[in-house]
Amino acid sequence: MRDSKDISIYVHIPFCVRKCLYCDFNSGKYPDYIISSYIDALLKEIDRCREVFRGRELASLYIGGGTPSSVPPSYIGLVFDRISDVITIEDDTEITMEINPGTTTDQKIKDYVSYGVNRISIGLQSALNSELEALGRIHTFEDFLRTYDIVREKGIEKVNVDIMTSIPHQSRESLIKTLDKVTSLRPEHISAYSLIIEKGTPFYERGAEKLGVPSEEESFKIYKLTQKYLKEHGYERYEISNYALKDKNGSRDNRCANNLRYWDRKDYIGFGASAASLIGYRRFTNVPELGIYIRDPGRHKSEDMLLQPKDAMAEFMFLGLRKIEGIRCDDFREEFGVRIQEVYGGIMKKHVEAGLAQFSGEDDDPGQRFYLTDRGLDISNQIMAEYLF
Amino acid sequence: MDISQDHIRNFCIIAHIDHGKSTLADRILEKTGLLTEREMQEQVLDNMDLERERGITIKSQAVRTVYTAKNGEEYIFNLIDTPGHVDFNYEVSRSLAACDGAVLVVDASQGVEAQTLANVYLAMDHDLDVFPVLNKIDLPSAEPDRVAEEIEDVIGIEALDAPRISAKAGIGIDEVLESIVNKIPAPSGSSEEPLKCLIFDSLYDSYKGVIVFMRVFDGMVRPGDRIRFMANGMEEEVIETGYFGAGRFIPCDGLSAGMVGYITASIKDVREARVGDTVTSSANPCREALPGYKKVNPMVYCGVYPADTREYPNLRDALEKLQLNDASLTFEPETSLALGFGFRCGFLGLLHLDIIVERLEREYDLDLVTTAPGVVYRVYKTDGEMTELTNPSNLPEPSEIDYMEEPVVSAEVMVSTEYLGAIIGLCQERRGIQTGMEYIEEKRVLLKYDLPLNEIIYDFFDALKSRSRGYASFDYEMKGYVRSELVKLDILINKEYVDALSFIVFKDSAYDRGSKMCQKLKGEIPRHLFEIPIQAAVGGKVIARETVKAVRKDVLAKCYGGDITRKKKLLEKQKEGKKRMRQIGSVEVPKEAFLSVLKLDEE
């Protein structure tokens with residue numbers, strides 16, 4: 001049965017200094033009065049959800065965006081205060097904050113640490129200023145280095161750096177420069193996403209060809225190179241796009257606890273416009289429109305559904321298989337009361353025979369896992385689609 | 001309203017496409033006062049959406065209006081609409097059979113075109129009195145004097161006193177109406193004779209059942225009469241008689257000699273009242289049937305399959321209903337390894353095919369897959385037997401074939417001298433043999449060519465238009481069969497032979513068409529987990545190849561802050577796309593791939 005004691009919190013800060021050219025997230029530049037009323041709304045929504053937290057423990061907390069570091073730190077402080085009102089924040093709870101190198105100061109980081117932030121995720125994307133400019137980022141690589149130093153200086157022991165691949169005019173050579181510079185700093189975690197040109201963004205309008213994004217062939221090589229390089233430099237890939245620095249004595253887990261909970265379908269609640277939640281078998285998402293959200297925080301949902309067993313089974317597969325270690329077959333039986341083989345045996349067999357997936361251990365082994373091979377991970381969308389009903 | 005036979009005028013309007021036939025029809029209806037302007041749709045006769053969109057008229061329809069002439073007397077006008085496209089000569093023919101005269105519309109800026117000629121000759125074959133009207137005189141480029149002379153020279157009918165009008169601007173319409181009264185003869189025939197009616201169209205209505213459109217030549221028919229369909233001897237009781245208001249059916253007491261109208265009877269099977277059949281009275285039958293129409297043979301065949309195999313019975317029903325209104329459509333069941341159960345359908349031409357497929361999809365809500373259209377080939381076998389081949393898959397083994405013949409048409413192209421070279425080039429590329437060339441006037445030439453039908457069914461019209469910037473017109477008729485070097489081009493997807501993609505092609509064009517086909521398919525077949533070779537082969541020998549590369553990467557990187565639904569939707573879309581595909585071996589082929597072969601020459 002599903003664990004219902006732990007819960008994670010995600011807080012969405014949809015504000016930026018300027019929107020990047022590829023970004024299709026719910027974010028943008030807004031006047032101060034909207035930012036302050038949004039923060040008020042967040043506080044109100046957290047308050048309204050007081051009941052949800054009764055008898056629960058906070059597993060992780062994540063402040064994302066947008067650019068959370070673009071708003072006055074005192075606002076973030078207010079959010080923390082309100083969360084502590086509704087649930088206890090333990091010292092060892094993973095508390096992540098996303099920051100943008102163009103918006104951070106010594107004082108801000110100091111403040112974040114004082115609120116309890118113990119993990120910082122820095123959106124770098126590339127170590128080449130020409131590539132940063134092409135993406136429409138507001139910062140340089142030097143800004144990032146300064147930020148990174150401050151973060152370390154203030155005692156943050158877990159740092160993530162976001163990098164992006166297949167960006168306009170990127171080559172394998174330029175990617176290696178980025179990887180060199182980033183890994184030499186030894187951040188505990190690296191997220192490597194490949195650029196996806198989404199509808200409604202300036203990049204989409206301009207079109208892949210004009211942008212000069214690497215060819216499909218080159219893109220694939222870049223993607224493979226990233227994996228190989230990070231592995232050789234001590235980073236273990238634990239999810240399609242996420243890598244954790246292996247701890248020398250193996251005592252510390254550098255993976256992102258918060259994101260793992262998404263893939264493991266553990267309970268989480270999202271606060272703010274367009275924030276998504278999963279509580280038990282209920283999935284719901286706040287409306288993306290700031291105005292509607294602010295007027296009656298958390299009341300209006302763009303989606304609110306009770307997952308039926310088939311929905312949940314499909315999620316179990318397509319989320320679980322994002323992890324390199326895959327899924328534990330017994331977890332499926334424990335949650336759904338039926339052996340995974342009975343539901344997905346045929347498809348799993350087909351994928352194993354095609355060299356796209358593998359089992360570890362014997363069928364009767366309670367620890368038996370099912371996971372995608374390298375080839376399977378490369379084309380995971382096609383595989384995961386087959387686990388939908 | 002009791003009107004004597006000599007106050008009835010049954011006529012049609014004939015014209016080259018775009019010369020303004022429908023607009024003139026609208027004006028006539030407007031002027032005869034049957035409709036107020038408010039009631040008028042832009043084009044009353046073209047009431048099918050499809051016709052409106054394509055700007056052409058497909059199904060013949062009739063309308064009855066009342067005209068008060070300058071002599072103060074009322075006349076009944078039965079205007080019978082005819083389709084304008086060369087593919088629909090058969091339908092033109094059956095409309096003409098119901099008329100006593102025709103108004104010929106000629107664009108005063110364009111002059112006589114190939115279809116003007118074809119339609120006039122067809123009307124004359126039916127003994128119709130034809131009088132010309134010069135349209136679009138308001139255009140700056142109009143040359144009514146020159147065109148009038150051209151009509152007299154080329155067609156040989158009097159045109160110098162032809163009404164000079166603009167249907168669009170409403171100029172000269174009264175003159176046309178008076179000419180209809182004066183120049184088109186009243187119907188002959190007698191109401192005292194035994195009943196003799198010609199079915200010129202029919203329509204299935206979900207409320208009234210089969211509605212039979214007819215022209216009464218002799219006798220009288222009233223509700224309650226027992227009638228006989230002479231082709232099959234079936235007898236029925238007439239339930240309703242009536243005539244055609246604008247877009248609606250208006251019941252009346254009966255139809256007498258010379259009248260055009262409709263009857264309904266409890267006709268159960270849509271195939272029982274065939275267009276072209278003669279209807280007579282059971283009690284007092286006429287001695288012999290009207291000649292009916294010349295049976296027209298389909299010229300183009302293709303396989304039509306439901307995208308969802310469960311829709312097969314619905315497809316059959318829909319084809320049966322369409323056939324009732326369109327005797328030129330033929331179909332018989334066939335089976336394809338790739339596509340399952342479907343029908344081999346015969347059409348008058350590619351446009352006819354297009355329209356039928358669109359009607360099936362639109363009016364009957366079917367999702368269809370069609371195979372490459374082909375013509376009827378004659379295969380002479382070594383054992384002396386001859387078979388007509390409509391489905392390339394049925395071609396006998398090469399060792400059993402002595403030789404083959406393909407259909408050839410004699411075509412006439414009217415072109416301005418400026419584009420003569422380009423059009424001659426086109427005809428030669430299409431294996432045409434020039435049979436004549438005449439200067440109609442100093443700047444216009446009538447080119448005559450014998451062309452293999454399979455060279456014109458695909459995109460000849462489009463090529464003609466683009467190479468002449470629209471200044472060429474084209475008409476053709478079947479000439480016969482000639483011996484030809486033909487081969488069957490097969491397509492293999494991932495080494496699997498796909499029967500639905502085979503077609504017959506002239507030997508020397510095989511390589512070119514094969515490569516184009518492979519390139520097209522390459523663009524249509526989505527990437528799979530493995531590499532897919534696409535090959536074109538003739539007699540087992542591969543002559544062209546393309547490769548659909550394997551998918552190397554297909555991952556969803558971002559995690560969208562726990563927004564799982566967004567991820568799921570993307571995966572669902574991926575899965576949904578697969579459902580619409582046909583499985584050929586281990587390859588999933590989208591419906592579009594089968595259609596793409598229709599558009600081989602588009603770039």
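This report describes charged side chains, their salt bridges and one surface patch in a predicted model.

**Salt bridges in chain B**

Over all chains, the structure holds 61 salt bridges, and three pairs from chain B are set out below with their N to O distances.

| Acidic residue | Basic residue | Distance, N to O |
|---|---|---|
| Asp107(B) | Lys136(B) | 3.3 Å |
| Glu429(B) | Arg467(B) | 2.9 Å |
| Asp512(B) | Lys516(B) | 3.9 Å |

The side chains of Lys136(B) and Asp107(B) meet in a salt bridge at 3.3 Å. Lys136(B) belongs to the loop between strand S5 (129-135) and helix H5 (144-155) of chain B, while Asp107(B) belongs to strand S4 (residues 101-107) of chain B, so the pair ties together parts that are 29 residues apart in sequence. As for solvent exposure, Asp107(B) has a relative accessibility of 3% and counts as buried, whereas Lys136(B), with a relative accessible area of 23%, is partly exposed.

In the salt bridge between Glu429(B) and Arg467(B), the N to O distance is 2.9 Å. Here the two partners come from two helices of chain B, with Glu429(B) in helix H9 (residues 420-429) and Arg467(B) in helix H11 (residues 460-467), so the pair ties together parts that are 38 residues apart in sequence. Arg467(B) is partly exposed, its relative accessible area being 30%.

The salt bridge of Asp512(B) with Lys516(B), at 3.9 Å from N to O, is set within one element, since both residues lie in helix H12 (residues 510-524) of chain B, where they are four residues apart, or about one turn of the helix. Asp512(B) counts as partly exposed at 42% relative accessibility, and Lys516(B) likewise counts as partly exposed, at 25%.

**Charges in chain A**

In chain A, salt bridges link Arg152(A), Glu157(A), Glu188(A) and Arg252(A) in a network.

Elsewhere on the surface, a patch of negative charge is formed where Glu362(A), Asp363(A), Asp364(A) and Asp365(A) gather. One of these residues, Asp364(A), is placed in the loop between strand S14 (357-360) and strand S15 (369-372) of chain A. With a relative accessible area of 68%, Asp364(A) is exposed, because the cut-off for that class is over 50%. Membership of such a patch requires over 30% relative accessible area and no salt bridge, and the 68% of Asp364(A) is in keeping with the area requirement.

How values were computed:
Residues numbered from 1 in each chain as written. Chains lettered and ligands numbered in written order. Predicted model: local features only at pLDDT ≥ 70, side-chain atom pairs only at ≥ 80, totals over all residues. Heavy atoms only, no water. Patch = residues over 30% accessible without salt bridge, like charges linked within 9 Å, V, L, I, M, F, W, Y side chains within 5 Å. Areas by Shrake-Rupley, 256 points an atom, 1.4 Å probe, with all protein chains shown as cover. Salt bridge = Lys/Arg side-chain N within 4 Å of Asp/Glu carboxyl O. Lys, Arg positive; Asp, Glu negative; His and termini not counted. Charge placed at Lys NZ, Arg CZ, Asp CG, Glu CD. Buried < 20%, exposed > 50% of the residue type's maximum accessible area, 1.4 Å probe, protein only.
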